[in-house]
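Hi,

Here is the model I promised to pass on. Have a look at it first, and then read my notes below.

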Amino acid sequence: MRDKRIKLCFAASSGGHLDELLRLRPLMERCDSFLVTEKTAYRPAGLNVTCYYLLQVNRREPSCFLRLIANGWLSLRIFLKERPDVVISTGVLAVIPLCLLCRVFRKKLIFIETFANVKTPTMTGRLLYRFADRFYIQWPQLQKYYPKAVYKGGVY
């Protein structure tokens, strides 16, 4: 049974970040939700939610800034079409514009710092920490970098 009270946007770049986010699949499928990720050959199997795709962004490529701008426009279109109440993200670059739009439209942002970084914060985490309504860490060692973060263990 779907919970129609709030609309959730799940946003993550491809690869491990998307894999982490898909650990929340029971919540994703129980609520009125949609997924935003980078366009790659990989497609999540058996996912019963609408999926939108952004351009892949690599900070080491010269086209990084242009791709972020393009993703900003794509994110705006998605945001205006879907009108989510909450954005839940595990990062990285491609979804930053979507997370920032969440704040522009006065919606809630929940950020989950990646499981991969045990001792140091990510660049995306450091950026979005100040904008997130709720910020989760998966390792207690990160509490010194994110004092207001919530530690509940890992998603795995």
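A salt bridge here means a side-chain nitrogen of Lys or Arg within 4 Å of a carboxyl oxygen of Asp or Glu. Keep that cut-off in mind for the first item, and remember throughout that this is a predicted model.

So, which side chain of opposite charge is nearest to Glu 38? That would be Arg 67, at 7.6 Å, and Glu 38 is buried with no salt bridge. Glu 38 sits in strand S2, which covers residues 31-38. Its side chain does have polar company: there is a polar contact of 2.7 Å with the side chain of Ser 14. In addition, a polar atom of the Glu 38 side chain lies 3.1 Å from the backbone nitrogen of Val 57.

Next, the aromatics. How many aromatic pairs does a search of the whole structure find? The count is 7. One of them is Phe 115 with Trp 139, a tilted pair with 4.9 Å between centres and 35° between the planes. This pair links distant parts of the chain, 24 residues apart: Phe 115 is in the loop between strand S5 (108-112) and helix H5 (123-128), while Trp 139 is in the loop between strand S6 (134-137) and strand S7 (150-151). Phe 115 is partly exposed, at 27% relative accessibility, and Trp 139 is partly exposed too, at 23%.

Tyr 129 and Tyr 146 make another tilted pair, 5.1 Å centre to centre and with 45° between the planes. Tyr 129 is in the loop between H5 and S6 and Tyr 146 is in the loop between S6 and S7, so this pair ties together parts 17 residues apart in sequence. Buried or partly exposed, which is Tyr 146? Tyr 146 is buried, because its relative accessible area is 1%, and buried means under 20%. Tyr 129, at 22%, counts as partly exposed. Both tyrosines belong to a cluster, linked by ring pairs, that also takes in Phe 111 and Phe 135.

On the surface, Phe 65, Leu 66, Ile 69 and Trp 73 form a nonpolar patch, with about 510 Å² of accessible area together. Ile 69 belongs to helix H3, residues 64-82, and is partly exposed at 39% relative accessibility.

Now a few backbone points. Most residues other than glycine have a negative phi, and most peptide bonds are trans. Against that background, Arg 83 has a positive phi, near 50°, and is placed in the loop between H3 and S4. Arg 106 has a positive phi as well, near 55°; this residue follows H4 and lies in the loop between H4 and S5. Arg 106 is exposed, with a relative accessible area of 77%. The peptide bond from Gly 91 to Val 92 is cis, with omega near 20°, and Val 92 is in the loop between strand S4 (86-91) and H4.

As for H4 itself (residues 96-104), its buried residues are Ile 96, Pro 97, Leu 98, Cys 99, Leu 101 and Cys 102.

One last item is Arg 25, in helix H2 (residues 25-30). Arg 25 is partly exposed, at 23% relative accessibility, and its C-alpha atom is 8.1 Å from that of Leu 47, 22 residues apart along the chain.

Cheers

Key
Residues are numbered from 1 along each chain as its sequence is written. This is a predicted model: local features need pLDDT of at least 70, side-chain atom pairs count only at pLDDT 80 or more; totals for chains, interfaces and linings use all residues. Side-chain values use heavy atoms; hydrogens and water are left out. Patches are made of residues with over 30% relative accessible area and no salt bridge: like charges are joined within 9 Å, nonpolar side chains (Val, Leu, Ile, Met, Phe, Trp, Tyr) within 5 Å. Accessible areas come from the Shrake-Rupley method with a 1.4 Å probe; for residues, only the protein chains shown count as cover. Helices (H or I, at least four residues) and strands (E, at least two) are DSSP runs, numbered from the N terminus. Buried means under 20% relative accessible area, exposed over 50%, partly exposed in between (1.4 Å probe, protein chains only). Rings of Phe, Tyr and Trp (its six-membered ring) pair if their centres lie within 6.5 Å; planes under 30 degrees apart count as stacked, over 60 as edge-to-face and the rest as tilted. Lys and Arg count as positive and Asp and Glu as negative; His and the chain ends are not counted. A polar contact is a pair of N or O atoms within 3.5 Å; within protein, one must be able to donate a hydrogen and the other to accept it, and residues adjacent in sequence count only if both atoms are side-chain atoms.
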